[in-house]
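Work through these exercises with the model open beside you. Try each task before you read its solution.

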Amino acid sequence: MSAVTGQKVRWGILATGGMAARFTADLVDLPDAEVVAVASRTEASAKAFAERFGIPRAYGGWETLARDEDVDVVYVATPHSAHRTAAGLCLEAGRNVLCEKPFTLNAREAAELVALAREKDVFLMEAMWMYCNPLVRRLKKLVEDGAIGEVRSLQADFGLAGPFPPAHRLRDPAQGGGALLDLGVYPVSFAQLLLGEPSDVAARAVLSEEGVDLQTGALLSYDSGALASVHCSITGGTPHSASVTGSEGRIDVPNGFFFPDRFVLHRDGRDPQEFRADPADGPRESLRHEAEEVMRALRAGETESPLVPLDGTLAVMRTLDAIRDRVGVRYPGERDARGERGERGEAAEPVVTPA
Ligand SMILES: NC(=O)c1ccc[n+]([C@@H]2O[C@H](COP(=O)([O-])OP(=O)(O)OC[C@H]3O[C@@H](n4cnc5c(N)ncnc54)[C@H](OP(=O)(O)O)[C@@H]3O)[C@@H](O)[C@H]2O)c1
């Protein structure tokens, strides 16, 4: 891949929903970013979005955006059921891609996208903004430097109260609905960041009538002897907290562990030490850090971000697959299409009857 050399990195936005609007609003504020095109399934929606954000080109169809040579990088913000197709189109055409989380529906689709990006020698990154958050990076460094000794356990939760009506994408199996893929991806990615890929997975879930998980709890075990307990829900608002316990101390992230404004380091025999976000880093919900990381990588000619490595994304997708195997959640058409882990899970029955 040749490095992006223009004064501004030229972004294309694929889809016009909630996240597309949130990310575009943050991009518009970045001096070295320029949003030059938007694509939607319908021209009317693309035009309305373009007008709202002052975007010069609006396409009714994803192919035209994928082929637009004047776009440096495409941000894919469809529901996850369409990430494989949408991101694949862009990669095939040689576009760099930032793809919303969860990266894909399953590990097989994720592996296909990663293989395609590597074959085409273009940049690809999961929009796991948590990994780009400055305070999360600080926490990771502290753990790596041994501030709490050897990590023994971790817990993290992300539950929303809803209620989400049956028509909402979070309840729709065809759109990859359920708590795990949308919300559980954060606690699982947090565990991946600090512990790597688990060697074994146990899980329980409560499923909806539509067959998506309303809430899921999973216990991840690691060869190191560590355990991680992760929970997600679309039927109950949880604290969104995390804690990591080691042989010599503990770190608590009291709320919003995926976009923290503070965390506390407890070390045996010492006063607790609080770490706070730097006000210069902007609002905690800002997506600018991931956008800045993409632009830094593109200018450096990198095809992958060291902050959000593709192998980590693949490991997270394998873990999500394993959890779904244990609780019996399958998406339409997936039974035949799943990779190794999916096939292993085909014998699995839902462990909890539908709510
Ligand atoms: N990073 C974060 O903090 C965060 C937060 C929320 C969600 N997300 C992720 O972002 C993605 C989008 O979520 P969202 O909340 O923006 O959803 P959304 O508001 O429903 O928007 C999704 C957009 O995708 C297009 N779309 C809808 N159904 C589709 C389908 N069946 N096939 C293809 N395209 C379809 C539509 O745009 P057009 O009409 O223009 O085609 C729609 O507006 C999801 O993967 C979600 O997990 C990330």
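**Exercise 1.** Classify Asp 311 as buried, partly exposed or exposed. Then find its salt-bridge partner.

*Solution.*
Step 1. This is a predicted model. In it, Asp 311 has a relative accessible area of 48%. Exposed needs over 50%, so Asp 311 counts as partly exposed.
Step 2. Asp 311 forms a salt bridge with Arg 118. Their closest N and O atoms are 3.5 Å apart.
Step 3. Place the two ends of this pair. Asp 311 sits in helix α9 and Arg 118 in helix α5. With their positions 193 residues apart, the pair links distant parts of the chain.

**Exercise 2.** Which other acidic residue forms a salt bridge with Arg 118, and where in the chain is that residue?

*Solution.*
Step 1. The residue is Glu 304. The closest N and O atoms of Arg 118 and Glu 304 are 3.5 Å apart.
Step 2. Glu 304 lies in the loop between α8 (288-300) and α9 (310-327). Arg 118 belongs to helix α5. This pair also joins distant parts of the chain, 186 residues apart.
Step 3. Check the exposure of each partner. Arg 118 has a relative accessible area of 44% and is partly exposed. Glu 304 is partly exposed too, at 25%.

**Exercise 3.** Compare the two ends of the salt bridge between Glu 293 and Arg 296. Which end is buried?

*Solution.*
Step 1. The side chains meet at 2.9 Å, N to O.
Step 2. Both residues lie in helix α8. They are three residues apart, about one turn of the helix.
Step 3. Buried means under 20% relative accessible area. Glu 293 has 7%, so Glu 293 counts as buried. Arg 296, at 34%, counts as partly exposed.

**Exercise 4.** Describe how domain 1 and domain 2 meet.

*Solution.*
Step 1. Set the bounds. Domain 1 covers 9-127, and domain 2 covers 131-287 + 313-354. Their C-alpha centres lie 25 Å apart.
Step 2. Count the residues in contact. Domain 1 supplies 20 and domain 2 supplies 23.
Step 3. Take the area. About 1800 Å² is buried between the domains. Carbon and sulfur atoms give 63% of that. On the side of domain 1, His 80, Lys 101 and Leu 105 lose the most area to domain 2. Together they make up 27% of what that side buries.

**Exercise 5.** How many salt bridges and polar contacts cross the interface of domain 1 and domain 2? Then describe the side that domain 1 offers.

*Solution.*
Step 1. One salt bridge is found across the interface. Nine residue pairs are in polar contact there.
Step 2. Look at the elements. α1 (18-28), α5 (107-120) and β6 (124-126) each supply at least two residues of the side of domain 1 that touches domain 2. The largest share, five residues, comes from α5.
Step 3. Sort that side by class. It has eleven nonpolar, four polar and five charged residues.
Step 4. Inspect one salt bridge with Lys 101. Its partner is Asp 182, and the closest N and O atoms are 3.6 Å apart.

**Exercise 6.** How many salt bridges does the whole structure hold? Which residues join Arg 10 in a network?

*Solution.*
Step 1. A search of the whole structure finds 25 salt bridges.
Step 2. Asp 70 and Asp 72 are linked with Arg 10 in a network of salt bridges.

Terms used
Residues are numbered from 1 along each chain as its sequence is written. This is a predicted model: local features need pLDDT of at least 70, side-chain atom pairs count only at pLDDT 80 or more; totals for chains, interfaces and linings use all residues. Side-chain values use heavy atoms; hydrogens and water are left out. Domain bounds come from an automatic or database domain assignment. Contact means heavy atoms within 4.5 Å. Buried area is the accessible area (1.4 Å probe) that two parts lose on being put together, summed over both. A salt bridge is a side-chain nitrogen of Lys or Arg within 4 Å of a carboxyl oxygen of Asp or Glu. A polar contact is a pair of N or O atoms within 3.5 Å; within protein, one must be able to donate a hydrogen and the other to accept it, and residues adjacent in sequence count only if both atoms are side-chain atoms. Helices (H or I, at least four residues) and strands (E, at least two) are DSSP runs, numbered from the N terminus. Ala, Val, Leu, Ile, Met, Phe, Trp, Tyr, Cys and Pro count as nonpolar, Asp, Glu, Lys and Arg as charged, and the others, Gly among them, as polar. Buried means under 20% relative accessible area, exposed over 50%, partly exposed in between (1.4 Å probe, protein chains only).
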